[in-house]
Amino acid sequence: MASLIPIFGDQLSHGLSSLAGQDKKVCVILMAEVDEETEYVPHHKSKMVYILSAMRHHAEDLRSAGWTVDYVKLTDAENSGSFTGEIARAIERHKVSALCVTEAGEWRVKAMLDSWPDRFDIPVEIRPDDRFLCTHAEFESWTKDRKQLRMEFFYRDMRRKSGLMMNGDTPEGGQWNFDAENRKPAKRDLAMPKPLHFAPNAVTQDVIRMVESRFAGNMGETAKFGFAVTHEDALRQQKHFLDHALPSFGDYQDAMLTGEPFLWHSILSPYINSGLLDPLELCRAVEVQYHAGKVPINAAEGFIRQVIGWREYVRGIYWHAGPEYLESNALAAMRPLPEFYWTGKTDMHCLSQAIGQTIEHSYAHHIQRLMITGNFALLAGLNPKEVHKWYLAVYADAYEWVELPNSLGMSQFADGGMLASKPYAASGAYINRMSDYCTHCSYDVKQRTGPEACPFNSLYWEFIARNEGKLCKNPRMAMPYKNWERMADADKVALRAHAQQFLEKLG
């Protein structure tokens, strides 16, 4: 009788808790590609290629380490299409007497795991996912008696717990956060490092052919696919980032340039979120670079904050809020997602750039997601649930636990402020300050109304006016509402009329 260890596509770690202490002689690992995972949103082709190829390579790594791995491909004739169905088939094949699995990363997968004891009538051990710094219980304890669940204070606790960038009880550099130094616009004459490109091997090429055939109508291109799909290559990309991009990452992490999708960003989030890289080991490697004098403190602290601060925090919010979080819509935004989110075909250059590179690479950095595609969706009043499904579908690093709080909470303010202290709404002036997009646009960022006016300008004031009853008491929105009050009535009418005309054409 065998013990079965199911491993999912976001659990590609050799140190996975479900593998710890197991006897390889009597255990069978089950990995399965199933329709319920490839079809619950219309995933970007490159996202699917990345995850499925990484799964296949990880299975081979596990076999090389002495594990017995039962791997079910999406195209296998008897594939049931669901994880539960594949568990049932594997139990029969291997005469399984018990299941051991690492806890789920998403609500829907947790519900599936919780159903297995009754479904299979055998012991099911669900182990904690110890790849995270903060446990569910610790996060719940942190939320107790807090009126606001702000990331900054959570982040400080994670610094103390990990010891990262700490001198005893004091933060390195005498302050916790150097974000104010991380907002420089980039210049095109600066030498930007390019991330490594990994040519698809035979395994990945097989996956590409399958995805192009089976998901021909999905967004995306695979011709330039270059993600790492093994632990070794992910480590190579990590080292490349540490050596070449990290030194300037802090200064320019909010910058955007036409035709430059990567700049100084790490491009490591797909590997962290799927398990090919260990986030805490990565942060310790960043800290080593800082102490060696190779990177400035704003770069090291800024990167570590994104990982042990923001990433851990949004996971905590996801599980704290519960499945009903998905239905949040505090601003009553109901407009459908425009077609250009899937095609990139729009005269707004900033959006065409952010969406165009998403189509090409299944990647956009955090400011493009927050202040370009997210900002437009917020200003235009797009349905936050549709916005969430789009982000979940199109980015290679998107899993619901990390994507949903970022899109629904941070980007769309749909949770009414549980996560963000204010809506991240901005006119064209912000985009112009942080990018060169406006210089290449058919619209004029300095005009607020008229046929050549940047749509973000009137949409911003329409957003302010439309949501005055819900936002005017927010202390961080005091200045925009004071400016709105001082504006001449005729200007208010003109701005709102211009925005409405644009929205009517939007559909």
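At what angle do the axes of helix α5 and helix α6 cross, and within what distance do they come? In this predicted model, the two axes cross at roughly 130° and come within 11 Å. The rest of this report looks at that pair, two other helix pairs, and the cavities.

## Helices α5 and α6

Helix α5 covers residues 136-143 and helix α6 covers residues 151-162. With that crossing angle, α5 counts as oblique to α6, because angles outside the roughly parallel, antiparallel and perpendicular ranges are called oblique. As for handedness, α5 and α6 make a right-handed crossing.

On the α5 side, the residues to click on are Glu 138, Phe 139 and Trp 142. They meet Phe 153, Phe 154, Asp 157 and Lys 161 of α6. Sorted by class, this contact has 4 nonpolar and 3 charged residues, with no polar ones.

## Helices α15 and α16

Next up is helix α15 (residues 384-394) with helix α16 (residues 400-411). Their axes come within 9 Å and cross at roughly 140°, so α15 and α16 are oblique to each other. The crossing of α15 past α16 is right-handed.

Which residues of α15 and α16 make the contact? From α15 come Pro 384, Lys 385, His 388, Tyr 391 and Leu 392. From α16 come Glu 400, Glu 403, Leu 404, Ser 407, Leu 408 and Ser 411. The class tally for this contact is 5 nonpolar, 3 polar and 3 charged residues.

## Helices α2 and α7

Helix α2 packs against helix α7 (residues 202-214) at an angle of about 140°, and their axes are 9 Å apart. That angle makes α2 oblique to α7. Here, too, there is a right-handed crossing, with α2 passing α7.

If you want to trace the contact, start in α2 with Lys 45, Met 48, Val 49, Leu 52, Ser 53, Arg 56 and His 57. Their partners in α7 are Val 203, Thr 204, Asp 206, Val 207, Ile 208, Met 210, Val 211 and Glu 212. By class, the α2 contact with α7 has 8 nonpolar, 3 polar and 4 charged residues.

## The largest cavity

Now for the spaces inside. How many cavities of 30 Å³ or more does the structure hold? There are 4, and the largest cavity has about 360 Å³ of space. Its lining takes in 24 residues, and the closest to the centre are Gly 9, Glu 37, Ile 51, Arg 108 and Tyr 399.

Three elements each give two or more residues to this lining: α1 (35-38), α2 (45-64) and α4 (107-120). The largest share, 5 residues, comes from α2, which is also the helix that packs with α7. In class terms, the lining of the largest cavity has 13 nonpolar, 5 polar and 6 charged residues.

## The second largest cavity

The second largest cavity has a volume of about 90 Å³. Lining this cavity are Met 348, His 349, Cys 350, Ile 431, Tyr 437, Cys 438, Cys 441, Tyr 443, Val 445, Cys 454, Pro 455 and Phe 456. The elements that give two or more residues to this lining are α13 (349-361) and α18 (455-466).

What classes of residue make up the lining of the second largest cavity? The lining has 11 nonpolar residues, 1 polar residue and no charged residues.

Terms used:
Residues are numbered from 1 along each chain as its sequence is written. This is a predicted model: local features need pLDDT of at least 70, side-chain atom pairs count only at pLDDT 80 or more; totals for chains, interfaces and linings use all residues. Side-chain values use heavy atoms; hydrogens and water are left out. On a 1 Å grid over the protein atoms alone, a cavity is a set of points where a 1.4 Å probe fits but cannot get out, and a pocket is an open set with protein on both sides within 12 Å along at least five of seven lines; lining residues have an atom within 4 Å of a point. Grid points are joined across faces, edges and corners, and a volume is the space filled by probe spheres set on the points. Helices (H or I, at least four residues) and strands (E, at least two) are DSSP runs, numbered from the N terminus. Ala, Val, Leu, Ile, Met, Phe, Trp, Tyr, Cys and Pro count as nonpolar, Asp, Glu, Lys and Arg as charged, and the others, Gly among them, as polar. Axes are lines fitted to C-alpha atoms, for helices over the stretch in contact, and angles run from 0 to 180 degrees between N-to-C directions. Angles under 35 degrees count as roughly parallel, over 145 as roughly antiparallel, 65 to 115 as roughly perpendicular and the rest as oblique. A crossing is left-handed if the near helix is turned anticlockwise from the far one by less than a right angle, and right-handed if clockwise. Contact means heavy atoms within 4.5 Å.
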